[in-house]
Amino acid sequence: MKRPFAELSGTGSYAPPRVMTNDEFSKILDTSDQWIRDRTGIRERRVSSKEESNACMGKAAALQVLEENGLTPMDLDAIVYATASPDRLLPSQACDLQAILGAKNAAAFDVGAACSGFVFALNVAEGLIASEQGKNVLVVAAEKLTSIMDWSDRTTAVLFGDGAGATLVRPVANSKGRGILSSYMKSDGTLAELLYRPGGGATHPPSPELLTDHSYYIKMAGREVFKAAVLSMADACDQALQRAGLTAGDIDLLIPHQANIRIIEATAKHAGVPMDKVYVNVDRFGNTSAASIAIALDEAVKTGRLKAGMTVMFVAFGAGFTWASMVVRW
Ligand code: UT7
């Protein structure tokens with residue numbers, strides 16, 4: 001087993017107070033609470049207001065992490081931000097957060113890996129620590145997906161929600177086996193068009209047609225994405241365990257990306273982790289893309305599901321396709 005370079009220290013999250021239930025969707029779309037619960041496990045999701053920007057949600061989560069670590073924004077060496085729904089396309093979401101935090105000493109940049117974004121960002125942060133480019137790397141994952149989803153498309157609208165999570169990656173303070181034990185990242189760009197936003201970028205710049213043909217919004221071939229998610233998350237679990245020199249029996253808590261309870265159950269089954277060791281909040285948040293594992297991690301810590309000395313595995317899958325995993329001794 002490798003000697004950990006970096007550990008995660010402190011967690012934070014933000015959930016918009018507005019809860020939207022499945023029944024509310026059944027009033028505006030041809031869907032039902034029963035269908036959404038049976039096919040996805042989702043009961044409700046959070047919907048941000050106009051005032052709750054991506055950066056505001058990220059800031060709320062980040063401030064909790066700073067406070068827990070007794071740091072000020074000026075102590076940050078880097079901000080790595082994972083999001084697929086930034087407030088604006090230029091500059092990065094990380095730079096906007098840096099400005100509102102007043103984290104003057106930090107390098108700030110985004111990681112674009114969709115729902116795998118938090119785990120990719122943790123990987124990048126670990127690399128910054130290992131290469132001694134900084135000591136305090138803030139990782140934020142936040143999404144305002146309700147602003148880029150098609151509210152008239154029942155195949156996608158019922159799935160997504162908003163929120164943010166954050167943690168600090170820093171050099172291992174006191175070995176005791178704590179820290180990042182393994183990590184894995186993989187992508188397959190040839191399958192991009194199964195889950196993407198066709199319009200609004202440089203090849204299809206903004207035009208009135210983007211809104212009328214709905215190409216500005218997230219499009220997904222659900223069934224194909226489902227199959228790829230199950231296979232890729234299985235691969236990611238295998239890789240993270242193997243690289244850490246561990247087996248499923250060593251995992252105290254599995255925190256998978258929260259897209260669909262059926263994908264979570266298939267992933268846990270493949271990994272050999274019983275469901276009572278799997279953190280699930282997809283019922284309350286829906287799919288918050290990059291933010292999903294970050295929010296779940298904060299909940300797991302704050303509710304005592306994840307305690308010091310435990311071994312936790314993150315596993316994610318998302319648009320790209322991208323998939324990733326990480327084993328951390330907490
Ligand atoms: O976060 C990144 C990755 N994202 C995911 O991992 C999501 C992966 N995909 C999924 O979770 C599932 O594929 C969905 C939840 C999106 C869909 O579930 P499914 O069991 O794969 O359903 P389906 O797409 O095969 O659709 C079954 C039926 C279709 O009707 P027909 O063709 O059988 O008549 C759909 O039109 O369900 C219909 N349908 C709905 N019915 C009621 C699709 N969406 C809805 C809806 N309400 N919201």
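1. A word on terms to start: helices and strands here are DSSP runs, with at least four residues for a helix (H or I) and at least two for a strand (E), numbered from the N terminus. With that in hand, F321 can be placed in the loop between β12 (311-318) and β13 (322-329). The peptide bond joining G320 to F321 is cis, with omega about -10°. Please keep in mind throughout that this is a predicted model.

2. There is a second cis bond to look at while you are checking the backbone. It runs from L90 to P91, and its omega is near -5°. P91 sits in the loop between β4 (78-82) and α4 (93-101).

3. H214 also deserves a glance in your torsion plot. This residue is not a glycine, yet its phi is positive, about 65°. Its place is the loop that links α7 (208-212) and β10 (219-220). For context, most residues other than glycine have a negative phi, and most peptide bonds are trans.

4. On to the overall layout. The chain splits into domain 1, covering 6-171, and domain 2, covering 179-329. Their contact draws on 51 residues of domain 1 and 46 of domain 2. Between the C-alpha centres of domain 1 and domain 2 the distance is 14 Å.

5. How much area do domain 1 and domain 2 bury between them? The figure is about 3900 Å², and carbon and sulfur atoms carry 63% of it. On the domain 1 side, C115, V119 and I148 contribute 16% of the area buried against domain 2, more than any other three residues.

6. The polar side of this interface is also worth your time. Between domain 1 and domain 2 there are 23 residue pairs in polar contact, counting pairs with both residues at pLDDT 80 or more. The salt-bridge count between the two domains is one. K302 forms a salt bridge with E68, and the closest N and O atoms are 3.9 Å apart. Since the definition allows up to 4 Å between the side-chain nitrogen and the carboxyl oxygen, I would quote that distance whenever you mention the pair K302 and E68.

7. Which elements give two or more residues to the side of domain 1 that touches domain 2? They are the strands β1 (6-14), β3 (44-46), β6 (137-144) and β7 (162-171), together with the helices α2 (33-40), α3 (54-69) and α5 (117-130). The most comes from α5, which gives seven residues. Sorted by class, this side of domain 1 has 23 nonpolar, 16 polar and 12 charged residues.

8. Last, the ligand. There are 23 residues around it, and T31, R39, R223, N260 and N287 come nearest. For R223, a polar side-chain atom lies 2.6 Å from a ligand oxygen. H257 places a polar side-chain atom 2.9 Å from an oxygen atom of the ligand. In the case of R262, an N or O atom of the side chain is 3.0 Å from a ligand oxygen.

Definitions and conventions:
Residues numbered from 1 in each chain as written. Predicted model: local features only at pLDDT ≥ 70, side-chain atom pairs only at ≥ 80, totals over all residues. Heavy atoms only, no water. Domains from an automatic or database assignment. Contact = heavy atoms within 4.5 Å. Buried area = accessible area lost by both parts, 1.4 Å probe. Polar contact = N/O pair within 3.5 Å; in protein donor to acceptor, adjacent residues only side chain to side chain. Nonpolar A, V, L, I, M, F, W, Y, C, P; charged D, E, K, R; others polar. Near = heavy atom within 4 Å.
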